[in-house]
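The report below goes from the whole chain to single sites. Please look at the sequence and the model before reading on.

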Amino acid sequence: MRSGAIKNITIVTVNPTRDVVTDGGIIWEDGKIVYLGPSYKAEQLARTKNIEVEDGKGKILFPGMVNSHMHLFQNLLKGLGADLDLETWWPSTIKPAAVAYREEHVAAAATAGTLEAIRGGSTTLVDYMYAHPVKGLSQVSIEAVNKVGARLVYGRGFRNTGADHGFPVELIEKTADVFDEVLALKKRYHDKEDMVRFMVAPAAVWAVDAHGLQDTRDFASDAGVPITMHMLETETDNVICRERYGMKDAITFFEKTNLLGDDLLAVHVVAVGDRELKAFREHGVKVSHNPMANMYLASGVAPITDMLERNICVSLGTDGAASNNSTDMLETLKMTALLHKVNAQDPTAITGNKVLEMATIDGARSIGMDHLIGSIEEGKQADFFLFDPDACGKSSPCHSPVATLVYSSGQQSIVKVVIDGRTIINNGDFVELEERAVYEHQSEMARDLANRAGYPREFLERDWKSFVW
Ligand SMILES: [Zn+2]
């Protein structure tokens with residue numbers, strides 16, 4: 001199967017000439033787009049191929065979005081640790097839970113987080129999984145995403161230092177063990193290479209030492225596994241590199257450990273200036289921009305317009321649900337546009353069209369998959385969603401497909417999602433999963449995890465004493 005056809009639609013291709021096809025049609029076979037063009041021709045061709053044609057009248061087809069940074073395991077932590085900065089939020093909110101995760105929690109979080117992400121139009125997820133208090137959680141997370149049907153880039157997160165700075169020893173691993181696991185997983189999923197790919201994901205400068213980063217670079221270059229890392233989310237990276245490593249700043253540390261390269265996807269990149277951006281540009285480093293998390297933790301405004309002017313590839317991520325409270329890329333589209341307009345006090349500083357590119361083709365470039373996904377073109381994988389503006393009051397009426405998607409979309413308007421040719425959502429519902437049951441199970445697992453984490457009552461109730469469980 002993994003075939004289908006739709007007629008009478010508007011197609012926002014995000015192809016190299018950014019064509020929008022009105023009164024268009026699409027056919028996909030064995031997971032790949034085989035035809036894109038006038039609706040009547042799609043209908044004729046589909047008939048000769050014995051493929052049933054769906055009428056998409058009034059609907060708009062967009063390329064599936066690439067969420068270039070998320071932590072699916074954090075889906076169980078929504079709503080905890082609000083109103084804190086990064087340096088307070090991590091030890092109070094993430095640390096107690098991170099050591100308490102077991103298979104059932106990761107499975108519930110990854111399943112529900114993937115459902116939520118697909119509901120919001122994402123078809124490829126970069127999951128940066130760094131909570132490994134027990135062995136085997138990588139496998140659990142990958143299987144959960146796989147079962148729901150999203151395309152996955154699994155970033156195997158790790159830390160190899162930090163015990164003397166209060167990090168739990170359960171989360172500190174030997175880099176060699178991490179790399180062995182990545183190689184074993186790569187082998188295991190070899191036959192699903194386009195659906196499950198891998199990255200190595202050193203947590204941050206405070207969690208991986210100089211040897212660890214050098215080893216990461218060597219492993220990445222030898223094994224052809226790209227790297228993703230939280231970088232310069234706040235000024236703390238520079239402070240730590242000075243205090244702990246006697247370096248001038250974090251970028252010097254990254255240069256000395258040879259980490260910078262065109263296979264590196266740097267996440268956040270907020271506390272940067274000319275020197276850092278020059279180095280990123282020179283080495284072809286890609287950036288994952290996570291505006292919701294940057295705003296939630298008040299980390300600052302990443303200089304995205306400056307990066308775009310320098311031709312640095314910038315993609316979009318939600319970050320984990322613990323610092324966003326959602327895995328919904330639709331919110332991130334709108335926030336990206338609004339944040340950089342107001343920051344520059346210039347409504348043209350970033351356009352809706354550019355934001356859509358960042359979420360699609362630039363997202364694909366940021367993970368080295370732009371030859372496969374990120375736009376609607378013949379020969380590419382069939383990863384897309386169908387948007388019905390009138391299915392949701394928020395997105396109706398629609399004068400401009402992109403403006404509607406970026407500024408007034410709701411998840412209810414995403415009525416069909418196809419990934420690798422497989423229909424995951426049809427007529428507004430998941431085809432194979434009962435959504436409510438998944439979320440109810442997630443809530444149960446979230447309560448169980450919070451109990452295991454042993455958050456102090458005063459942390460849970462510190463604002464309004466309104467905790468529901
Ligand atoms: Zn993150």
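## Chain overview

In the protein chain, 73% of the contacts between residues at least 6 apart in sequence join residues at least 24 apart, where contact means heavy atoms within 4.5 Å. This is a predicted model, in which local features need pLDDT of at least 70 and side-chain atom pairs count only at pLDDT 80 or more, while totals for chains, interfaces and linings use all residues. Residues are numbered from 1 along each chain as its sequence is written, and side-chain values use heavy atoms, with hydrogens and water left out.

The protein chain has 17 helices and 17 strands; helices (H or I, at least four residues) and strands (E, at least two) are DSSP runs, numbered from the N terminus. Its radius of gyration is 22 Å, close to the 23 Å from the globule rule for 469 residues, so the chain is as compact as a globular protein of that length. That radius is taken over C-alpha atoms, and the globule rule is 2.2 Å times the number of residues to the power 0.38. Along the principal axes, the C-alpha atoms fill a box of roughly 70 × 50 × 45 Å. Of the 469 residues, 60% are buried. Buried means under 20% relative accessible area, exposed over 50%, and partly exposed in between (1.4 Å probe, protein chains only).

## Strand S7 and its neighbours

Strand S7 (residues 122–129) is mostly covered, with 8 of its 8 residues buried. Strand S6 (residues 65–70) runs parallel to S7 and is joined to it by 4 bridges; strands pair if DSSP finds at least two bridges between them. S7 is also parallel to strand S8 (residues 151–158), with 6 bridges between them. Leu-125 in S7 stands opposite Asn-67, and its bridge partner in S8 is Leu-152.

S7, helix H4 (residues 137–148) and S8 form a right-handed β-α-β unit. Right-handed here means that, with the strands pointing away from the viewer, the path from the first strand over the helix to the second runs clockwise.

## Zinc site

The protein donors of the zinc ion are His-69 (NE2), His-71 (NE2), His-230 (NE2) and Asp-319 (OD), at 2.1 to 2.3 Å from it. Donors are N, O and S atoms within 2.8 Å of the metal (3.2 Å for Na, K and Ca); water is not among the atoms, so sites may look incomplete. Along the chain the donors follow the spacing H-x1-H-x158-H-x88-D. His-230 lies in strand S10 (residues 227–231) and Asp-319 in the loop between strand S13 (314–316) and helix H12 (329–344), so this pair ties together parts 89 residues apart in sequence.

## Single residues

Five residues are set out by place and accessibility.

| Residue | Place | Relative accessibility |
|---|---|---|
| Asn-8 | strand S1 (residues 4–12) | 26%, partly exposed |
| His-230 | strand S10 (residues 227–231) | 11%, buried |
| His-268 | strand S11 (residues 264–268) | 0%, buried |
| Asp-319 | loop between S13 and H12 | 4%, buried |
| Thr-360 | loop between H13 and H14 | 0%, buried |

Leaving aside neighbours within four places in sequence, Thr-360 is in contact with Val-14, Pro-63, Gly-64, Met-65, Val-66 and Gly-374.

Asn-8 has a positive phi of about 60° although it is not a glycine. For His-268, also not a glycine, phi is positive at about 90°. A cis peptide bond, with omega about 0°, joins Ser-396 and Pro-397. Pro-397 lies in the loop between strand S14 (384–387) and helix H15 (401–408).
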